[in-house]
Amino acid sequence: MNEQHIGIAVRQRIAITRAPEHYTRTAVALHWTIAGLVICGFTLGWVMTELAISPLKLRMYNWHKWIGITVLSLAAVRGIWRLTHTAPALLPMPGWQRISAHGLHGLLYVIMFLQPLSGWAYSNAVGYPIVYLGLVPLPNLVSKDKALAHTLLEVHETVAWILAVAVALHALAALKHHFMDRDGTLKRMLSWRSSRT
Amino acid sequence: MTRTTRLCTMALLVAAFALTALAADNNIDAAKSTLIATFKQEGVPVDAPFKTFSGRIVYDPANVAAASAALDVDTASLDIGDDAYSAEVRKKAWFDSAAFPKATFRSTAIKAGAAGHFDATGTLTVKGKALTVTVPLTTQNVAGGTAFDGSFAISRKAFGIGDPTWNDVLDDSVKVRFHLVSSNH
């Protein structure tokens, strides 16, 4: 192997490992779809628990569960997509911000799975199976158990508030990057002109 | 002690004795038995057990025609999962447990079918409404007695359980399934 060949090999390696500048359209679509569903699910969850028992309350619980299962499914797709597609690197920023950003993104990924799963298990522990969209019966994660239901509800409520704070920080950070740092952090998650799918 | 008080005491004693005798009549082993109502809300089937019931099943395989079944169910003991919801179904629009604490079944005819299969016809009274139902069931011998298994469907509307505003989210038909173990005496 001569020097020229080595040069080509190195350039190819760099091309493969260098992070892209844009998010794929799939990643952008998943981000905003999940964001919208999470906001709807959170709001519904808050309102429905405050309501007195009524047919509407029951319906809202079902909508809340269906949203949760949709988020869980999309989170699985998103997780696989993220593992198989390199995300763009963070734009230049101080070290503490870099660490916080990665930490917060990790936390949001964990919550995308944990919150639907804790809700699903809670519903089962109370004795209510989940039938997705009223059509597809899902398996029970746990069997009926009052004490377990109580614990799972506390987990679900606590994670809901952690989620609210995490989403707020995430959004505030994006706005700070956009309006104060004037970098492309927010724009690249809004961009639909990516060359790659 | 006046004559009246004496009479009252007597009456009370007789009543207490009658009640004790009635309770002793129970031959259903509650610990081994289950009585579950399965309702369906927006396609979701929910199993709700009645926690308290008692009764008497008289059954001799050699003389099925003489068999009989009587069951008393505490309507307030229905557990539909969350405590707030269980409290809701005790209210007037649902079981009205304050006015109608018991739902009852009294058999009027037991007919034998294929081996181990029976049809129990009787009067089911819920919320003061008495309707005739026929319940298919099977029997099998278990340690210390006989187990009776079966299920049947009832209409909420027929007994006035739940007001019509619920009909869009809650099926009218509720499946009741039981596993009753009675000692053979």
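**Entry 1: Arg182(A)**

I began with Arg182(A), which counts as exposed because it has 8 C-beta neighbours inside 10 Å. I note at the outset that the model is predicted. I located Arg182(A) in the loop between α5 (146-179) and α6 (185-190) of chain A. I then looked up its backbone: phi of Arg182(A) is near 50°, a positive value in a residue other than glycine. I recorded this angle because most residues other than glycine have a negative phi.

**Entry 2: Glu42(B)**

I turned to another positive phi, in chain B. Phi of Glu42(B) is near 45°, and Glu42(B) is likewise a residue other than glycine. I placed Glu42(B) in the loop between β1 and β2 (44-49) of chain B. Is Glu42(B) buried, partly exposed or exposed? I found 17 other C-beta atoms within 10 Å of Glu42(B), so it is partly exposed.

**Entry 3: helix α3 of chain A**

I next examined the geometry of α3(A). At 1.5 Å a residue, its 30 residues should span 44 Å, and I found the end C-alpha atoms 44 Å apart, which agrees.

I then listed the residues of α3(A) that are buried. They are Leu58(A), Tyr61(A), Asn62(A), His64(A), Lys65(A), Ile67(A), Gly68(A), Val71(A), Ala75(A) and Arg78(A). Against which elements do these buried residues pack? I found α2 and α4 (95-126) of chain A, together with β1 (34-41) of chain B.

I also checked Trp63(A), which is found in helix α3 of chain A. Trp63(A) has 17 other C-beta atoms within 10 Å and is therefore partly exposed. I noted a separation of 9.6 Å between the C-alpha atoms of Trp63(A) and Gly134(A), which lie 71 residues apart along the chain.

**Entry 4: α2(A) against α3(A)**

For helix pairs I recorded angle and axis distance, since two packed helices are described by the angle between their axes and the distance between the axes. Helix α2 (residues 25-50) and helix α3 (residues 55-84), both of chain A, pack at an angle of about 155°, and their axes are 9 Å apart. That angle makes α2(A) roughly antiparallel to α3(A), because angles over 145 degrees count as such. I found the crossing of α2(A) and α3(A) to be left-handed. I sorted the residues of this contact by class and obtained 18 nonpolar, seven polar and two charged.

Within α2 of chain A I looked up Ile34(A). Ile34(A) has 19 other C-beta atoms within 10 Å; it is partly exposed, because a buried residue needs 20 or more. Leaving aside neighbours within four places in sequence, I found Ile34(A) in contact with Val71(A), Leu74(A), Ala75(A), Arg78(A) and Met112(A). Val71(A), Ala75(A) and Arg78(A) are among the buried residues of α3(A). I also noted that the C-alpha atoms of Ile34(A) and Ser191(A), 157 residues apart along the chain, are separated by 17 Å.

**Entry 5: α4(A) against α5(A)**

I repeated the procedure for another helix pair. α4(A) and α5(A) pack at an angle of about 150°, with their axes 8 Å apart. That makes α4(A) roughly antiparallel to α5(A). The crossing of α4(A) and α5(A) is left-handed. Which classes of residue form this contact? I found 22 nonpolar, five polar and no charged residues between α4(A) and α5(A).

**Entry 6: contact between chains A and B**

I then inspected where the chains meet. Chain A contributes twelve residues to the contact and chain B contributes 16 residues. On the side of chain A that touches chain B, the largest share, four residues, comes from α3(A). That side of chain A divides into eight nonpolar, three polar and one charged.

**Entry 7: chain B**

I surveyed chain B as a whole and found three helices and nine strands. Read along the sequence, the elements of chain B follow the pattern α-β-β-β-β-α-β-β-β-β-α-β. Buried residues account for 21% of the 185 residues in chain B. I also looked up contacts in chain B between residues at least 6 apart in sequence; of these, 52% join residues at least 24 apart.

**Entry 8: Phe105(B)**

I closed with a residue in strand β5 (residues 102-112) of chain B, Phe105(B). Phe105(B) has 21 other C-beta atoms within 10 Å and is therefore buried. Not counting residues up to four places away in sequence, I found that Phe105(B) touches Ala69(B), Ala70(B), Leu71(B), Gly122(B) and Leu124(B). Phe105(B) and Val73(B), 32 residues apart in sequence, are 8.6 Å apart in space, C-alpha to C-alpha.

How values were computed: Residues numbered from 1 in each chain as written. Chains lettered and ligands numbered in written order. Predicted model: local features only at pLDDT ≥ 70, side-chain atom pairs only at ≥ 80, totals over all residues. Axes fitted to C-alpha atoms, helices over the stretch in contact; angles between N-to-C directions. Helix = DSSP H or I, 4+ residues; strand = E, 2+ residues; numbered from the N terminus. Parallel < 35°, antiparallel > 145°, perpendicular 65-115°, else oblique. Left-handed = near helix turned anticlockwise from the far one by under 90°. Nonpolar A, V, L, I, M, F, W, Y, C, P; charged D, E, K, R; others polar. Contact = placed C-beta atoms within 7 Å. Buried ≥ 20, exposed ≤ 12 C-beta atoms within 10 Å, placed from the backbone. Expected span 1.5 Å × (residues − 1).
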